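Subject: Structure handover

Hello,

Here is the structure I said I would pass on. My notes on it follow below.

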Amino acid sequence: MAPMFHFKECFAVILLLLAGLNFTSGGKLLVIPMDGSHWLSMKPVLKQLRQNGHEMLIVAPEINVHIKPSEDIYSLKTYPVPFTYQEMDENIRAFGNQVFEDLPFLVMVARTIERLKKTSAFFLAGCTHLLNNQELMRYLEQSKFDALFTDPMLPCGQIVAEYLGIPSVFFLRGIPCGFDSEATQCPSPPSYVPRTFTRYSDHMTFAQRVKNMLFRLSESFLCSFVYSPYANLASEFLQRDMTVAELLSNGSVWLMREDYVSNFPKPLMPNMIPIGGINCAGREPLSQVCTFFYSFIFKSLG
Ligand SMILES: *[C@@H]1O[C@H](CO)[C@@H](O)[C@H](O)[C@H]1NC(C)=O
């Protein structure tokens, strides 16, 4: 009889411990999101994290498109930036309109680079103003967060994580320039893994493999003017020299919104987790226009 009694006691203690764990499971999360559609994909995750008992502080530029207060899910702290809503809006519109312009190829490339430079200047200015905002940075330091949740497309979040000395979780659709494979030291053979924007698959002809390789080399030019300012910013702010890939290499987990239904299989490191299904969280019935469009496509495909 005695051992049975012990078992029951043990059981009760374990139950109590589990209950206790449940109460303390909520962590304190600092979130540095990226504005625009990136934020719209992140929001349902934050909602779920809140339901699981986590506390979250979002830090975002005062001038932004989608990031608005939502007291029941998270608290929001904004910081001043050196541009107006109108300037930002004009830039976004110009970028959007350009897609529909019919321009000669080289003119289009030149314009795209010009636009990209302007757009990344907005983001960079935002990041610089966040890091130089001593009051806000001190507040973040004192808040003692458990981890940082960020979209590494803008490496600003990881600079903050390094500064605060906390682990970071990346949430991303993708990142240009192969920073994901470089930072995680994940194999990414150009004969098998198509580079972003090439529209190739994992089955490439010899010519396509060569082009994929060339594309990879030419990327470094584009990547350097968009991303090298962040390497400088991080090196200056953290007072040690680093490249963007080195900076991102300290990310603990890469939650990648990719799925083998819409993306091709490729090597992944153990801390890269495909979570493509998350894009279906906010599903709704197709609109009439979409339904018509899809049935038209499927009919013509026979
Ligand atoms: C990554 O983290 C380690 C340990 O905290 C630190 O020593 C190192 O400087 C970090 N690397 C970068 C590039 O920040």
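In this predicted model, a polar side-chain atom of Glu162 lies 3.3 Å from an oxygen atom of the ligand. Two other side chains do likewise: a polar atom of Arg240 is 3.0 Å from a ligand oxygen, and one of Asn250 is 2.3 Å from a ligand oxygen. On its own the ligand would expose 360 Å², and the protein buries 48% of that area.

The shell around the ligand consists of Glu162, Arg240, Met242, Glu246 and Asn250. By character, three of these residues are charged, one is polar and one is nonpolar.

Glu162 also belongs to helix α6, where it is one of the buried residues. Is that helix enclosed by the rest of the structure or open? Eight of the nine residues of α6 (residues 156-164) are buried, so the helix is largely enclosed by the rest of the structure. The buried ones are Cys156, Gly157, Gln158, Ile159, Val160, Ala161, Glu162 and Leu164. Just after the helix, Gly165 has a positive phi of about 65 degrees.

Next, the nonpolar interior. In soluble globular proteins, nonpolar side chains tend to be buried together. Here the largest nonpolar core has 51 residues, and the members that touch the most others are Leu30, Leu130, Leu140, Val160 and Trp254. The biggest contribution to this core comes from helix α8 (residues 206-238), which supplies nine residues. A second core lies apart from it, with 18 residues that include Val31, Phe171, Leu255 and Ile275.

What does Leu140 touch, once residues up to four places away in sequence are set aside? Its partners are Leu30, Leu57, Val59, Phe145, Val160 and Leu164. Among these, Val160 and Leu164 are buried residues of α6, and Leu30 and Val160 are also listed with Leu140 among the core members with the most contacts to other members.

Tyr139 sits in helix α5. With a relative accessibility of 38%, Tyr139 counts as partly exposed, because buried would require a value under 20% and exposed one over 50%. Beyond its neighbours within four places in sequence, Tyr139 is in contact with Leu57 and Lys77. Leu57 is also touched by Leu140.

Three asparagines in loops are worth a look on screen.

- Asn64 is in the loop between β2 (55-61) and β3 (75-79). Asn64 counts as buried because its relative accessibility is 3%. Its side chain reaches the backbone oxygen of Pro61 at 2.9 Å and makes a polar contact of 3.3 Å with the side chain of Lys68. Setting aside residues up to four places away in sequence, Asn64 touches Asp35, Tyr85 and Met88.

- Asn133 is in the loop between α4 (105-131) and α5 (134-143). Its relative accessible area is 18%, so Asn133 is buried. Outside its neighbours within four places in sequence, Asn133 is in contact with Tyr79 and Pro80. Pro80 is 53 residues from Asn133 in sequence, and their C-alpha atoms are 8.7 Å apart.

- Asn263 is in the loop between β6 (253-256) and β7 (272-274). Asn263 is buried as well, because its relative accessible area is 18%. Not counting residues up to four places away in sequence, Asn263 touches Arg173 and Glu258.

Finally, some figures for the chain as a whole. The chain has 302 residues, of which 37% are buried. Its secondary structure comprises ten helices and seven strands. Among contacts with a separation of 6 or more, 57% join residues 24 or more positions apart. The accessible surface of the chain is about 18600 Å², and carbon and sulfur atoms account for 62% of that surface.

If you open the model, I would begin at the ligand and its contact with Glu162, follow α6 along its buried residues, and then go on to Leu140 and its contacts. The asparagine loops can be looked at separately.

Regards

Definitions and conventions:
Residues are numbered from 1 along each chain as its sequence is written. This is a predicted model: local features need pLDDT of at least 70, side-chain atom pairs count only at pLDDT 80 or more; totals for chains, interfaces and linings use all residues. Side-chain values use heavy atoms; hydrogens and water are left out. A nonpolar core is a set of buried Ala, Val, Leu, Ile, Met, Phe, Trp, Tyr and Cys residues joined through side-chain atoms within 4.5 Å. Buried means under 20% relative accessible area, exposed over 50%, partly exposed in between (1.4 Å probe, protein chains only). Helices (H or I, at least four residues) and strands (E, at least two) are DSSP runs, numbered from the N terminus. Contact means heavy atoms within 4.5 Å. A residue is near a molecule or strand if one of its heavy atoms lies within 4 Å of it. A polar contact is a pair of N or O atoms within 3.5 Å; within protein, one must be able to donate a hydrogen and the other to accept it, and residues adjacent in sequence count only if both atoms are side-chain atoms. Accessible areas come from the Shrake-Rupley method with a 1.4 Å probe; for residues, only the protein chains shown count as cover. Ala, Val, Leu, Ile, Met, Phe, Trp, Tyr, Cys and Pro count as nonpolar, Asp, Glu, Lys and Arg as charged, and the others, Gly among them, as polar.
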